[in-house]
Structure formats: C-alpha cells, structure tokens
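Biologist: Got a minute to look at this one with me? I'd like to start with the cysteines.

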Amino acid sequence: MKEIKNKVFYVGVNDRNKALFEGLWPLPYGVSYNSYLIDDEKVCLIDTVEVDFFPQFLENIHEVIGDRPIDYLVINHMEPDHSGSLPLLLKYYPDIKIIGNKKTFDMMGGFYHIKENEAEVKNADTLSLGYHTLNFYMTPMVHWPETMMTLDTTDGILFSGDGFGCFGALNGGILDEAIDTDWCWLEMIRYYSNIVGKYGTPVQNALKKLAEIKFDYICSTHGPVWHQYVKEVVKMYDRMSRYETEPGLLICYGTMYGNTERMAEVIAKAASEAGVKNIGMFNVSKTHHSYILRDLFRFKGLIVGAPTYNNGLYHEMETLLSEIANKDIKNHYIGWFGSFAWAGKAVQKISDWNENKIHFEPVGEPVEMKQALTPEVKAQCEALGKAMAEKLLGE
Ligand code: FEO
C-alpha cells in the first residue's frame, strides 16, 4: 500500500465498472473510493469504501497493519460510497470507536441501524494517535449536512471528504506528482459542478476555515492525493464556489432535423467574429448534461435553443434547464432562441425557465424561427451572438 507520509497509508479502491455515479453521472475514466489508514500507537482509519469493494478494502488494511486492531474510524462523510463498508467493517473490528458529529450518527442510525461505538466530536476537537494528532473541522453542506474534514496537524495532511475530489480511477499512482494529471482538471470541474456545485456558500465557508490552517497534502475521498498542486486545487475551489468564470460562451441546442442547429451555428460564428475565443457547443441530445454543467462553471455566457415539441419545450432542453436551475448557479449571462413547425412554444418556455428558476442576466433579443432559416432570422441570430460577445468582452 502506498505510504503518503510517516505511516499514513492509502487503502482505497478503484471502480471501473460503474457506468453512472449516483446513478446519474457518466464515469468515462471510472472513479476511486479513497480511504486512508494511519498506523500509529493508535490505528485510525479515515472513511471506508463502497460496499462492493469490501474484500479488496479489507486486504488493503491487512497489508498495512496485519492482525492489529483498528482503534478509530473517522467518518468525514456518510454518503454510502464512503460509509457503505461500515457494517461489514464492524464485524471484523467490533471494538472500533467511530468518530463523527451528531449528524453523522443520526445518518448512521438511519442507513445502517448502528447505534453503538460512537465518539462524537465538535468543531476544532483534537485526538492524539501517538505521533499524529488529528483536528476535526465541521464543513456542513460540502455537500451533505454532516460533512467534516480532518487534519493531521503533525504532518499537515488534510482528509477532506468529497472536497477537492475528482472523477477518475487511480491507475497505479496515488499522489498527483506521480501521475500525469492532464486528464484530471476537467473531470475535477465536472465533479465539483455536478456533485458539490449547488453549495457555493458552504464551500466558501469551509475555505475560510481552511485558510487558517496549514496543510501540504489533501487526501480527498475521490481522485489523486494532492501534494504538488495543493495551491492550485484550493484556488480552483475558491473560484468555482464564487462562480468566477472566463469570458467564454457555451451554446447548447436541441435539434430534430438540423434547422435549430443552423441557428446555433450562425450565433457561434457571429460571437467568434466579434472576438469570443472560448466557445463550447453541445447538442443536448448527444452530450450528457454533466459535461454542459461543467462548462457552465468555466464560461460566463450561455445561449440555449431548442425546437417546440408537443406544444412544449424539446425534452432534452427541459432536462438541461432543470439541472441548471437546480444548481443555483450565479453570475452568468443568458440568451436564447427556438423554433417551431406550426405553433411556437419553445422560446416562451425558455424565457419562463430563466425568469422563474434560473435568474441569469438576459442578453440580446431572443430569436424565434418558423420551420427554417430565413435571411431575417439569420440576421437576428447574428445580432444575438454579437450582443453576447459584446457583453462578455466588455467586462
Ligand atoms: Fe463521494 Fe458525497 O460521496
């Protein structure tokens, strides 16, 4: 097992089988469920792994401590991808003391009917393991109410739960400095935007607490252990949780026969000619909305368009707008367009979504097209793309 520093070991597992994380989010590179074991005078395990991987997890633990018992289990987060092995772990280590907060134990009772071995901690409480001393920090709603982080103050190792996590299995290397992290950055943004992104204010509150402590390693529950890039990932979280973006443009469209797509192409060309360099375009029926949400945390401008369908809005666009509204994303511009064959509804529906649920700042005039592109509609699309470009570049 990989020793991170002074007998702090990685004992996590990789999942390359699951198609959708939480049944929702595609995993093209898999995912890791990270757990850490501190082999000190007192042995302490930090979080567990998804239950399907318990045999491998147990083997990893034995490889580090052999037949020694585990004294403590710290539960930073109760979501079952990290707490799922708890009932089985207790069968092998019945005397383990479980460290969590009040909300942790409420959930532990609910999920697993476990009510014993509890040792409740509050913010800033400490626990000595011998050489290592742990400090506990409550970080509620990053992204569940019971979430907390644990700092090994001796070696500056932050066990951050899902915070600073990243999709993607660990293919051999554990620390960032041991792997090519190029694939990580976009997957880290996609993880943040879809899993944690609704909770910008709680993330900011957690970052304020972390700003007062010193740490050189971040051991998250998903993805690489951050050491070389600690500053960068903290900065990324700070930017994302403040909804700080680049002056780029995301154009998302639904299309049945290509006519609405042609509107999107005209808008993109006009925005490009007006000077916008970062333009992402997605067909909402082909690209999973988790990737679109990811780019919405990168780019400030959004233009959406879709056909009318069954006297309403094209389904896949409805799904995307619902996801955007659910995340409470702030500080964006929006423009929109739509089409119809005989009765127009799409443009009004998108307008309603923004006015009632999304609340981005509208830019330009919405464009509505009957059946196919005309010179007039083309000019309106160009005007919309230009207006968005001027807004983005004018800042
Ligand atoms: Fe990785 Fe919120 O569980």
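Modeller: Sure, one definition to begin with: a disulfide is a pair of cysteine sulfur atoms within 2.5 Å. A word on the source too: this is a predicted model, where local features need pLDDT of at least 70, side-chain atom pairs count only at pLDDT 80 or more, and totals for chains, interfaces and linings use all residues. Residues are numbered from 1 along each chain as its sequence is written, and side-chain values use heavy atoms, with hydrogens and water left out.

Biologist: OK. How many disulfides does a search of the whole structure find?

Modeller: Zero.

Biologist: Why no bond for Cys 381?

Modeller: Because the closest cysteine sulfur, in Cys 252, is 15 Å from the sulfur of Cys 381, too far for a bond.

Biologist: And Cys 184? Why no bond there?

Modeller: Its closest cysteine sulfur is in Cys 166, at 4.5 Å, and that is too far for a bond.

Biologist: Is Cys 184 buried or exposed?

Modeller: Buried, because its relative accessibility is 0%. Buried means under 20% relative accessible area, exposed means over 50%, and partly exposed is in between (1.4 Å probe, protein chains only). Cys 381 is also at 0%, so it counts as buried.

Biologist: New topic. How many residues of helix α9 are buried?

Modeller: Eight of its eight, so α9 (residues 289–296) is mostly covered. Among them are His 289, Tyr 291, Arg 294 and Asp 295. Helices here are DSSP runs of H or I with at least four residues, strands are runs of E with at least two, and both are numbered from the N terminus.

Biologist: What do those buried residues pack against?

Modeller: Several elements, including α5 (184–196), β19 (299–309) and α10 (315–326). Contact means heavy atoms within 4.5 Å.

Biologist: Now the sheet with β12. What is the strand order?

Modeller: The order is β12-β13-β14-β15-β16, an open sheet of five strands with mixed pairing. β12 (126–128) and β16 (217–220) stand at the edges with a single partner strand each, so one side of each has no neighbour in the sheet. Two strands pair if DSSP finds at least two bridges between them.

Biologist: How many bridges join β12 to β13?

Modeller: Three, and the two strands run antiparallel. Leu 127 stands opposite Leu 134 in β13.

Biologist: Last one. Where is Lys 103, and what does it touch?

Modeller: Lys 103 is in helix α4 (residues 102–112). It touches Pro 145 and Glu 146, leaving out residues up to four places away in sequence. Lys 103 counts as partly exposed, because its relative accessibility is 43%.
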